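This report is written for a reader who meets the structure for the first time. It takes up the interface, the salt bridges, one helix and the nonpolar cores in turn.

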Amino acid sequence: MRHRYILFVLILVALFIGNSDGQKKQLNVFTWAGYVSDDIREGFEKEYGVNVLIDTYASNEDLLAKLLAGATGYDIIMPSDYMVSILIKQNLLAELNRDNIPNFQNISPLFLGKYFDAENRYSIPYTFGTAGIAYDSSVVTPAPDSWTVLWDTQYKNQFSMLDDQRETIGAALKMLGYSLNTTDPNEIKAAKEKLITQKPLVKQYKSEAEELLIAGDVVMAHCWSGDAFRATETRPTIRYVIPKEGSSQFIDAVCIPKSAPHKALAEQFLNYLLRPEVNAKITAFTKYGTCVPTAKEHLPEHLREHKFIYPPAEVLESLEWLKDPGDFTRHYNRAWEEIKAK
Amino acid sequence: MRRNYHLLILLFPVVFWLVCFFLLPLVSVFIYSFIERGTYGGVRWHFTWENYQRLFDGLYLGILWRSVSTALVCTAVCLLLGYPFAYYLARYKPKHRNVLLLLVVVPFWTNFLIRTYAWILILRTEGLLNSLLGAVLPNWGPLELLNTPLAVQIGLVYGYLPFMILPLYAALEQLDVSLLEAAQDLGASPRRAFWHITVPLSLPGILAGSMLVFIPTVGAFLTPDLLGGGKVSYIGNVIERQFKTARDWPFGSALSFMLMGIVLVGTVLYFRALQENEGQP
């Protein structure tokens with residue numbers, strides 16, 4: 001019996017020690033899995049003498065649902081572009097005090113003043129990326145340049161599509177020459193029918209294409225640029241192309257929720273992220289583009305101007321933002337359920 | 001009076017649990033199913049029947065039928081596999097029986113998600129199953145098993161088989177062997193004795209096991225998602241998407257209530273059957 005008491009006391013002591021650590025100020029970051037690297041977190045902890053606690057979500061909708069359900073305690077969140085505009089409309093974001101974020105000036109104007117936050121009063125960009133086709137150049141020849149390759153029966157059961165209703169319906173819309181943000185039910189119907197004819201060819205709908213490409217499960221994947229680039233590190237024959245018909249682009253932003261308990265510390269974190277040497281670590285880790293041009297000096301050469309990460313100007317022009325269609329979302333939902341049910 | 005007071009204290013945790021974690025969520029889902037979807041997520045507090053009207057749509061009824069039939073097949077396969085297993089287990093030497101019983105429970109020590117991932121490794125094109133068959137049979141063309149309804153069915157049977165075996169074992173273990181001996185003395189063949197004595201007496205186990213398998217599989221969404229590769233839609237997946245990407249909580253709530261209704265009807269039928277069985281001499 002006695003050693004049980006000793007164990008009990010030890011647990012109490014451990015709890016107490018664990019708690020006393022809590023005296024330190026704590027920054028609570030709510031972000032995508034695999035988006036804030038340990039060296040970024042530890043660098044901030046050391047310099048500011050605080051704890052950074054990271055909690056993760058798998059989709060923008062998870063983040064929204066949590067915030068709408070009244071979750072508080074988060075100091076930093078990282079919604080994508082369209083979700084920033086929703087969070088602003090829902091009055092869930094705190095306005096940033098630019099005086100506390102002098103490094104704001106490091107951001108390239110290319111990534112500022114976008115539709116979702118025209119004056120960047122609530123958000124700074126964290127990364128930017130695109131959706132396109134990753135392919136294994138040792139198998140897929142000639143190199144594809146159009147969405148139509150994803151309807152080529154030759155690659156039956158050898159490619160995956162994003163498991164994302166807007167991106168996947170969007171790819172079909174783009175192939176048909178329509179806008180990603182169409183609010184014409186007939187265009188959505190046409191895209192839906194395209195995707196239903198494609199379904200027997202698709203090996204899998206999956207949003208994390210990196211592992212499929214690395215394992216060789218697929219030779220092509222409709223995926224996001226960061227996944228494609230991370231796959232090239234293990235399988236150097238992987239290439240990435242943005243189809244000529246155009247595709248989607250996104251910015252993942254950093255925001256402070258209105259309910260943030262440590263707003264001042266959160267702004268210091270934003271300022272820290274915008275230092276060129278820290279911002280370089282974001283790109284080195286996520287393989288998405290940096291929005292701070294001077295960060296490129298701190299990046300290894302192959303990550304600096306890679307066309308996977310920084311599409312050339314003429315390609316950039318073909319890209320659209322995926323905007324939230326409001327109540328029209330229901331048409332996309334319905335089309336997606338029909339595709340999935342086939 | 002004093003006894004009542006004590007009883008109240010003893011019952012408090014259960015009542016608290018049921019109210020907080022069963023009744024309140026259920027009531028809120030019920031209320032949500034009668035209001036409008038908010039444009040940017042959340043809800044708008046306007047009463048509507050629309051969410052229920054939308055249920056009677058060939059699309060969702062078709063998906064529902066697929067879920068119910070998959071769950072029925074899963075239950076039947078679990079019963080066919082589990083019955084001989086539980087029978088054998090109940091007849092095994094008591095000394096080693098507990099070890100075997102433990103082996104049934106061992107898979108629960110590993111997280112369900114990880115066990116389902118293991119099936120991906122087994123079923124994939126260049127996975128364990130195809131390589132083993134390829135090694136034995138020279139002309140083996142790899143089977144495309146993963147990302148098909150069959151893979152989902154295999155994963156569900158695997159995941160819920162223990163829930164069938166354990167109640168069956170409990171019923172069969174209590175079976176009085178002398179009844180079978182009496183049947184044989186009176187000239188019944190072993191087969192007849194099995195169908196007329198063993199099966200009726202194990203009926204409570206069969207029904208309990210069937211409910212324990214059917215109810216979770218009809219609403220399953222994790223297994224279809226992982227082993228179906230997002231290509232096979234079940235009602236659980238549709239409900240999950242309403243709460244996530246579709247941001248249509250009211251419709252998701254209505255779908256949940258429809259599913260609950262089906263499960264409730266099944267449970268009522270189950271209790272009826274059980275009572276009839278107990279009423280028999």
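Which side chain of chain A does the side chain of B:Arg124 meet in a polar contact? The partner is A:Asp217, and the polar contact between the two side chains is 2.6 Å. The model is predicted, and what follows should be read as a description of that prediction.

**B:Arg124 and its surroundings**

B:Arg124 sits in the loop between α5 (112-123) and α6 (128-136) of chain B. Is B:Arg124 buried or exposed? Its relative accessible area is 18%, and the limit for a buried residue is under 20%, so B:Arg124 counts as buried. Apart from neighbours within four places in sequence, B:Arg124 is in contact with A:Ala215 and A:Asp217 of chain A, and with B:Asn130 and B:Leu146 of chain B.

**The interface of chain A and chain B**

The size of an interface is often given as the accessible area lost when the parts come together. For chain A and chain B the buried area is about 2900 Å², and carbon and sulfur atoms give 43% of it. Chain A brings 34 residues to the contact and chain B brings 31 residues.

How many residue pairs are in polar contact across the interface of chain A and chain B? The rule finds 16 such pairs, with both residues at pLDDT 80 or more. On the side of chain A that touches chain B, at least two residues each come from α3 (60-68), α4 (81-89), β6 (204-205) and α12 (329-341) of chain A. The largest share of that side, nine residues, is supplied by α12(A). Sorted by class, the side of chain A that touches chain B holds twelve nonpolar, seven polar and 15 charged residues.

**Salt bridges**

Over all chains the count is 32 salt bridges, and the count between chain A and chain B is ten. The table gives four examples.

| Side chains | Distance, N to O |
|---|---|
| A:Asp327 and B:Arg44 | 3.8 Å |
| A:Asp324 and B:Arg247 | 2.5 Å |
| A:Arg275 and A:Glu47 | 2.6 Å |
| A:Arg121 and A:Glu95 | 3.2 Å |

Why does the pair of A:Asp324 and B:Arg247 join two chains? A:Asp324 lies in the loop between β10 (319-321) and α12 of chain A, while B:Arg247 lies in the loop between α12 (235-243) and α13 (249-279) of chain B, so the salt bridge has one end on each chain. A:Asp324 and B:Arg247 are both buried.

The pair of A:Arg275 and A:Glu47 stays within chain A. A:Arg275 is in the loop between α9 (263-273) and α10 (276-286), and A:Glu47 is in helix α2 (residues 38-48), so the salt bridge ties together parts that are 228 residues apart in sequence. A:Arg275 is buried, at a relative accessible area of 19%, whereas A:Glu47, at 46%, is partly exposed.

A:Arg121 and A:Glu95 form a salt bridge, and both are found in the loop between α4 and β4 (123-136) of chain A, 26 residues apart. Relative accessibility is 35% for A:Arg121, which counts as partly exposed. A:Glu95, at 41%, also counts as partly exposed.

In chain A, salt bridges that share partners also join A:Asp38, A:Arg41, A:Glu42 and A:Glu45 into one network.

**Helix α4 of chain A**

How many of the nine residues of α4(A) are buried? Seven are, so the helix is mostly covered. The buried residues are A:Asp81, A:Tyr82, A:Met83, A:Val84, A:Ser85, A:Ile86 and A:Leu87. Their cover includes α3, β3 (76-77), β4, β9 (247-255) and β10 of chain A. After α4(A) comes A:Asn91, which has a positive phi, near 60 degrees.

**Nonpolar cores**

The largest nonpolar core has 80 residues. Among the residues with the most contacts inside this core are A:Leu27, A:Ile76, A:Leu87 and A:Leu273. α9(A) gives the most to the core, with six residues. Leaving aside neighbours within four places in sequence, the contacts of A:Leu27 include A:Phe44, A:Val52, A:Leu53, A:Ile76, A:Leu265 and A:Phe269. A second, separate core has 29 residues, including A:Ile169, A:Met175, A:Trp336 and A:Ile339.

Technical notes. Residues numbered from 1 in each chain as written. Chains lettered and ligands numbered in written order. Predicted model: local features only at pLDDT ≥ 70, side-chain atom pairs only at ≥ 80, totals over all residues. Heavy atoms only, no water. Contact = heavy atoms within 4.5 Å. Buried area = accessible area lost by both parts, 1.4 Å probe. Salt bridge = Lys/Arg side-chain N within 4 Å of Asp/Glu carboxyl O. Polar contact = N/O pair within 3.5 Å; in protein donor to acceptor, adjacent residues only side chain to side chain. Helix = DSSP H or I, 4+ residues; strand = E, 2+ residues; numbered from the N terminus. Nonpolar A, V, L, I, M, F, W, Y, C, P; charged D, E, K, R; others polar. Buried < 20%, exposed > 50% of the residue type's maximum accessible area, 1.4 Å probe, protein only. Core = buried A, V, L, I, M, F, W, Y, C linked by side-chain atoms within 4.5 Å.
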